[in-house]
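User: Please take a close look at the part of this model where the two chains meet. I would like one connected account of that interface, with the rest of the chain brought in afterwards.

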There are 2 protein chains.
Amino acid sequence: MPQPAVSPVAKPIIVTDPIAIREQVRAAQARGRRVGFVPTMGALHEGHTSLVDRAACECDDVAVSIFVNPTQFGPSEDFSRYPRSLESDIAAVAERGARWVFAPEAESIYPPGWATRVEVEGPARRFEGEIRPGHFSGVATVVCRLLLAVPADEAYFGAKDWQQTLVIRRMVRDLGVPTGITVCPTVREPDGLAMSSRNAYLTAAERSRACGLFESLRLAEQGWLAGETVAVIERAMAHHLAERGVTVDYAAIVDRDTLDPLTDETSPAVALVAGRLGMTRLIDNILLPLRR
Amino acid sequence: MPQPAVSPVAKPIIVTDPIAIREQVRAAQARGRRVGFVPTMGALHEGHTSLVDRAACECDDVAVSIFVNPTQFGPSEDFSRYPRSLESDIAAVAERGARWVFAPEAESIYPPGWATRVEVEGPARRFEGEIRPGHFSGVATVVCRLLLAVPADEAYFGAKDWQQTLVIRRMVRDLGVPTGITVCPTVREPDGLAMSSRNAYLTAAERSRACGLFESLRLAEQGWLAGETVAVIERAMAHHLAERGVTVDYAAIVDRDTLDPLTDETSPAVALVAGRLGMTRLIDNILLPLRR
């Protein structure tokens with residue numbers, strides 16, 4: 001059967017060269033177009049496509065980057081087995097109307113003799129920063145690099161990686177990267193499990209227990225609204241995770257902007273959890289309602 | 001007497017806000033103007049003005065920043081007594097036809113809660129990097145910050161700080177900062193002393209001996225052309241410096257691009273010296289002629 005003359009979906013332009021994507025984005029901006037940017041590591045799910053939708057809603061043109069960034073993985077982590085699905089990712093992004101897919105080779109992001117890292121302290125210190133040394137340095141470095149290659153007006157990140165969004169906001173503010181940062185709500189499966197490319201690692205048995213992370217966050221919210229202390233709530237979260245067979249890395253309620261311990265239980269708070277099911281490590285969080 | 005209606009020298013626009021300078025530079029570029037940028041720590045001398053002249057020659061508009069960057073000074077170094085002369089600096093820059101002087105407050109370069117540093121390995125490791133821990137991290141951080149605030153087409157640096165130029169080139173390449181880097185020749189006093197804001201620290205007796213640094217570099221060049229070994233030349237340099245009363249930090253001949261030891265004496269080389277005269281630390285270098 002012949003193809004229709006005009007495809008119902010405009011194909012995105014696939015760009016691998018950082019200088020080329022920069023020129024195309026700048027040219028669009030010079031024509032007065034507002035450009036949105038969604039940096040991803042591919043293996044796209046509804047969490048990612050919700051970011052593309054938000055960017056498409058707020059901007060004239062959207063760029064999506066697909067780059068599995070080696071420098072944010074520890075030596076014993078899952079870089080090599082991280083899911084890669086470039087073709088279906090491009091199809092998913094095309095469906096949402098993105099104009100560009102920026103899919104660089106590692107050598108163009110990290111040129112020969114590469115020797116520069118962006119290091120963030122402050123919000124990067126605790127939690128993922130303690131458990132994954134070098135992780136946030138890799139994130140800050142690649143996001144800085146990507147935001148210089150794709151000089152968008154606004155970049156979109158998911159709230160699921162709450163600490164990461166704080167690290168990125170800090171880096172962008174400190175270096176004066178001229179791109180706005182929008183953080184979008186976590187997208188969840190029907191049972192509450194936060195969408196993550198790593199969910200694909202879970203066995204069926206692990207998958208059925210993985211909603212324990214979200215359940216522990218709901219428990220935190222209930223306890224918080226009932227006026228319980230942070231210590232009591234954190235114990236209840238850890239207990240619930242353990243019951244669900246999740247090996248707890250942390251279950252904590254902290255200041256949502258600094259991730260420091262709460263000095264005042266009326267200040268804006270976030271509940272954070274991280275744990276392992278078999279070989280798979282998952283994280284999640286919710287912003288707690290303001291007290292009083 | 002009335003002032004002439006048109007001043008012979010157009011006054012530069014003094015800008016303190018990083019967002020404002022960015023907007024003005026971008027607006028000029030949008031009108032098709034090529035913008036050059038000379039980042040300085042003030043206390044301007046002929047070395048600096050030669051950079052402004054070069055930028056003015058190659059670009060339509062020139063921005064000069066004046067910012068004594070606290071993060072590139074060690075705790076026991078000369079940050080507090082570093083010479084500051086904003087008014088005469090502005091006059092010097094005005095005379096060279098610069099369009100903007102960007103003179104930010106420290107708080108706008110390092111905002112409250114500042115937690116981000118740009119760290120460069122490679123060319124930053126040896127020499128100044130060893131002697132001044134944290135120095136190149138401060139340099140890379142502030143230059144990255146300044147190049148994002150002043151998104152010039154080309155930025156101009158003096159060859160006197162040769163290692164610094166390598167660190168900046170590395171950082172710019174690795175992060176994809178979209179500004180070209182031009183390195184301009186060192187400007188010297190009649191006796192060969194490299195122009196430096198720190199020369200103002202020298203007593204008359206120290207000043208008369210300070211040309212020992214350049215003399216040792218000339219010795220290196222002669223030895224190099226005569227086919228002497230690196231070890232022999234380095235000893236002669238150190239000996240001459242000591243004779244001139246300079247306490248030697250280093251006197252070395254290394255690869256001019258990596259600052260690694262020369263593996264092949266026909267590869268492009270640089271002679272580097274650093275030493276102290278009383279309380280004042282001076283550095284200098286020359287690129288050695290290619291052998292054969």
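Analyst: Every interface residue of chain B, 100% of them, is also an interface residue in chain A, so the copies meet through the same surface. This is a predicted model.

The contact itself joins 25 residues of chain B to 25 residues of chain A. On the chain B side, the elements that give two or more residues are α1 (18–30), β5 (116–120), α6 (135–149) and α7 (162–175) of chain B. Sorted by class, this side of chain B has 13 nonpolar, eight charged and four polar residues.

One of these elements, β5, also forms strand pairing across the interface. Strand β5 (residues 116–120) of chain A pairs with β5(B) in the antiparallel sense, over five bridges. Within that pairing, Val118(A) has Val118(B) as its bridge partner in β5(B).

The symmetry of the pair can be described next. Chain B is superposed on chain A by a rotation of 180° with 0.0 Å of shift along the axis, and the RMSD is 0.0 Å. The two copies are therefore related as by a two-fold rotation axis. Among the residues of chain B, Val118(B) comes closest to that axis, with its C-alpha at 2.3 Å. Val118(B) is thus both the bridge partner of Val118(A) and the residue of chain B that comes closest to the rotation axis.

Now for the rest of the chain. The domain assignment of chain A gives domain 1 (13–184) and domain 2 (197–287). The C-alpha centres of these two domains of chain A lie 26 Å apart. Their contact takes 12 residues from domain 1 of chain A and 12 residues from domain 2 of chain A. On the domain 1 side, helix α7 (residues 162–175) of chain A gives the most, with three residues. By class, that side of domain 1 of chain A has eight nonpolar, two polar and two charged residues.

A last point concerns a residue away from β5. Tyr156(A) lies in strand β6 (residues 154–158) of chain A. C-alpha to C-alpha, Tyr156(A) and Val120(A) are 20 Å apart in space, and they are 36 residues apart in sequence. Tyr156(A) counts as buried because it has 27 C-beta neighbours inside 10 Å, the cut-off for buried being 20 or more. Leaving out residues up to four places away in sequence, Tyr156(A) touches Gly36(A), Val38(A), Leu51(A), Arg54(A), Ala55(A), Thr182(A) and Cys184(A).

Definitions and conventions:
Residues numbered from 1 in each chain as written. Chains lettered and ligands numbered in written order. Predicted model: local features only at pLDDT ≥ 70, side-chain atom pairs only at ≥ 80, totals over all residues. Contact = placed C-beta atoms within 7 Å. Helix = DSSP H or I, 4+ residues; strand = E, 2+ residues; numbered from the N terminus. Nonpolar A, V, L, I, M, F, W, Y, C, P; charged D, E, K, R; others polar. Pairing = 2+ DSSP bridges. Least-squares fit on C-alpha atoms with pLDDT ≥ 70 in both. Domains from an automatic or database assignment. Buried ≥ 20, exposed ≤ 12 C-beta atoms within 10 Å, placed from the backbone.
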